[in-house]
Amino acid sequence: MKILKHTNVVLIGVLTLVFVSSSFAKPLRTEAQVAEEQEMLMKTVAKGDALWHNPKLGTNGLACGNCHPDGSASNPHTFPKYQSNLGKVGTLREMINWCVAVVLQGSPLPSDSDEMIAMEAYSTFTHRGVVIAPAKDEQHGAVPVVSGAGYPSR
Amino acid sequence: MKKISRRDFLGITTKIGAATLFTGILAPTASSFLGLGGVAHAARRSTKPFTFAVLTDAHLYDIKGHRFDGILERAVKEVNKISPRPDFLLYGGDLGQSGKKDELVKGKKILSKLKMPYHIIPGEHDYYLDMGEAWRDLFGKENWSFNHNGVHFIGMNSIKVKDFWSLKGLTPKERMGLMEELECHKCGLWGVGEPSLDWLMKNVKNISPSTPVVIMTHSPLWDYYPRWNFQTYDAPEIRSILRKFDKVIAIHGHVHQVVYNEIGNINSAGLLSTSWPWPYPPVDLPYPLIKQRRADPGIFEDGLGAHSMSVDKSFAGMLNYREFADLLPENLKRGLKL
């Protein structure tokens, strides 16, 4: 009984604290602000999509999209991980640069460049909601997207 | 035993065989029942056994010393080494990447090293810069047929999209650029088109239903994954024209992967490219056991290969994926029975 009483006091205290502190919290974003932030993201994703399909990143005509249509099999959600071609645990950006340098025979992008962030945004956006699972022996699967609506800008 | 030969399509160990049969029973499409009677008839028709080779999707670039040139050259060498020598080779389209004549000329030069004749169809990458003009100059007809040892072979251009460029005022180069993207949303679905359906109807009109038929198209004759044009929009019409035959074997390029399906009297198989492998689309396959292994991005020739197909006297085909690196699971190493 005594313990219960004690618990109640603590609980009331905590609730009061939450109430008081929430009155000092940052106001919730308006719908317009959320939309604006989303628009910024989608612009970056669209820029990444354009780069993903641009052979000018390399010198042999290939683009990332040749092997990775819809960003498929780029598996951004599984990085950092051990990657045999990198010979170490690497990041998605390192993997993208490996593909640019080795497969596309181009110059690697600065890791923190707008271009690299856009490429990462495209790859990640196409994999939203995909569950992380260890790789199987079987050839990669692709990202499920509805035809013609990979994301709104296309 | 012969009666279930259609389901027992893998040349395989007993264990995998049982698993495959089980899959067939679990997912019995209407078609797999419809086909049974047909196979029994097909067995009556005698074919003189032979082997042919298949290559597809080289995606050659107009760049000197490009590594895809070397892969196609390797594939040609491998095909030339096959013993007994294949009677001919079928090429499944996308010899070039951007529709340039120079790409196709380079491809033709490499294919000229084949020690056997070849028959070729166009893919979208060969076509949309000049609407197939250079391709036709170099290779001739887009739809063709011939008979070999009692088998009727058909090749068709299956990559004709409806005009999406005129209204938008796109240049030929812009049109080609869009078609080069697998996930091009503006390009729309492709098919053989009505004139080709008429051609096919006339082509097979006087051929008896017991004649074995092999048809090659760039894209699959079933709805695999329309988003990537892994389809042919008028495939239902093609299948209905070919329905009278006891058995049809369909092979297709475009998908850059091992894939198998049965639709009615048609056994269909996808082919390996000599450029790059593609991931499996996010769809449930009726024959999920027949898949290639994951390609290693660090090994350029992983996931690529050549093919040979032997046809026996009862028109049972055995498609051998001759992969360049070790990508086939055990159940496919001895071939895919078609």
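Which residue of β11(B) does Glu262(B) stand opposite? The partner is Asn267(B). Keep that pair in mind. We will come back to the strands that hold it.

One caution before we go on. This is a predicted model.

Let's start with chain B as a whole. Its secondary structure comes to ten helices and 14 strands. The chain has 338 residues, and 50% of them count as buried. Now think about contacts between residues at least 6 apart in sequence. In chain B, 74% of those join residues at least 24 apart.

Now the sheets. A general point helps here. Strands of a sheet pair through backbone hydrogen bonds, and the pairing is either parallel or antiparallel.

Take the sheet with our opening pair. It is open, and it has six strands. Read across chain B, the order is β4-β5-β8-β9-β11-β10, with mixed pairing. Which strands stand at the edges? They are β4, residues 144-148, and β10, residues 260-263, both of chain B. Each has a single partner strand, so one side of each is left without a neighbour in the sheet. From one strand to the next, the twist averages 20°.

Back to Glu262(B) and Asn267(B), which stand opposite each other. Strand β10(B) is joined to β11(B), residues 266-270, by four bridges. Those two strands run antiparallel.

Next, the other six-stranded sheet. This one is open too, and its pairing is mixed. The order in chain B is β3-β2-β1-β12-β13-β14. At its edges stand β3, residues 118-120, and β14, residues 336-337. Each of these has a single partner strand, so one side of each lacks a neighbour in the sheet.

Let's walk through the middle of that order. Strand β1(B) covers residues 50-55, and β2(B) covers residues 89-91. Three bridges join them, and they run parallel. On the other side, five bridges join β1(B) to β12(B), and here the strands run antiparallel. One residue shows both pairings. Ala53(B) stands opposite Leu89(B) in β2(B). Ala53(B) also stands opposite Ser308(B) in β12(B).

Stay with β12(B), residues 305-311. Is this strand mostly covered or mostly open? Mostly covered: six of its seven residues are buried. Seven bridges tie β12(B) to β13(B), residues 317-323, and the two run antiparallel. Within that pairing, Met309(B) has Leu319(B) as its bridge partner. The two strands make a hairpin with five residues between them. In that hairpin, Phe315(B) takes a positive phi near 60°.

On to helices. Look at α8(B), residues 194-205, and α9(B), residues 235-242. They pack at an angle of about 10°, and their axes are 10 Å apart. Angles under 35 degrees count as roughly parallel, so α8(B) and α9(B) are roughly parallel to each other. Who meets whom? From α8(B) come Leu197(B), Leu200(B), Met201(B) and Val204(B). From α9(B) come Glu237(B), Ile238(B), Ile241(B) and Leu242(B). By class, this contact has seven nonpolar residues, no polar ones and one charged.

Which residues of α9(B) are buried? They are Ala235(B), Ile238(B), Arg239(B) and Leu242(B). They cover an arc of only 95° around the axis, which puts them on the same side of α9(B). What covers them includes α8 and four strands named β8, β9, β10 and β11, all of chain B. Notice that β10 and β11 are the strands of our opening pair.

Now chain A. Helix α2(A), residues 31-52, meets helix α5(A), residues 114-126. Their axes come within 7 Å and cross at roughly 95°. The band for roughly perpendicular is 65 to 115 degrees, so that is what α2(A) and α5(A) are to each other. The contact includes Leu41(A), Val45(A) and Trp52(A) of α2(A), along with Ile117(A), Tyr122(A) and Phe125(A) of α5(A). Its residues divide into ten nonpolar, two polar and three charged.

Pick out Phe125(A), which lies in α5(A). Buried or exposed? Buried, because 20 other C-beta atoms lie within 10 Å. Compare its position with Val102(A), 23 residues apart along the chain. The C-alpha atoms of these two are separated by 24 Å.

Last, how do the chains meet? In chain A, 27 residues are in contact with 26 residues of chain B. The chain A side divides into eight nonpolar, 14 polar and five charged residues.

Note on methods:
Residues are numbered from 1 along each chain as its sequence is written. Chains are lettered from A and ligands numbered from 1 in the order in which they are written. This is a predicted model: local features need pLDDT of at least 70, side-chain atom pairs count only at pLDDT 80 or more; totals for chains, interfaces and linings use all residues. Two strands pair if DSSP finds at least two bridges between them. Axes are lines fitted to C-alpha atoms, for helices over the stretch in contact, and angles run from 0 to 180 degrees between N-to-C directions. Two residues are in contact if their C-beta atoms, placed from the backbone, lie within 7 Å. Ala, Val, Leu, Ile, Met, Phe, Trp, Tyr, Cys and Pro count as nonpolar, Asp, Glu, Lys and Arg as charged, and the others, Gly among them, as polar. Angles under 35 degrees count as roughly parallel, over 145 as roughly antiparallel, 65 to 115 as roughly perpendicular and the rest as oblique. A residue is buried if 20 or more other C-beta atoms lie within 10 Å of its own, exposed if 12 or fewer, and partly exposed in between; C-beta atoms are placed from the backbone. The arc is that of the directions from the helix axis to the C-beta atoms.
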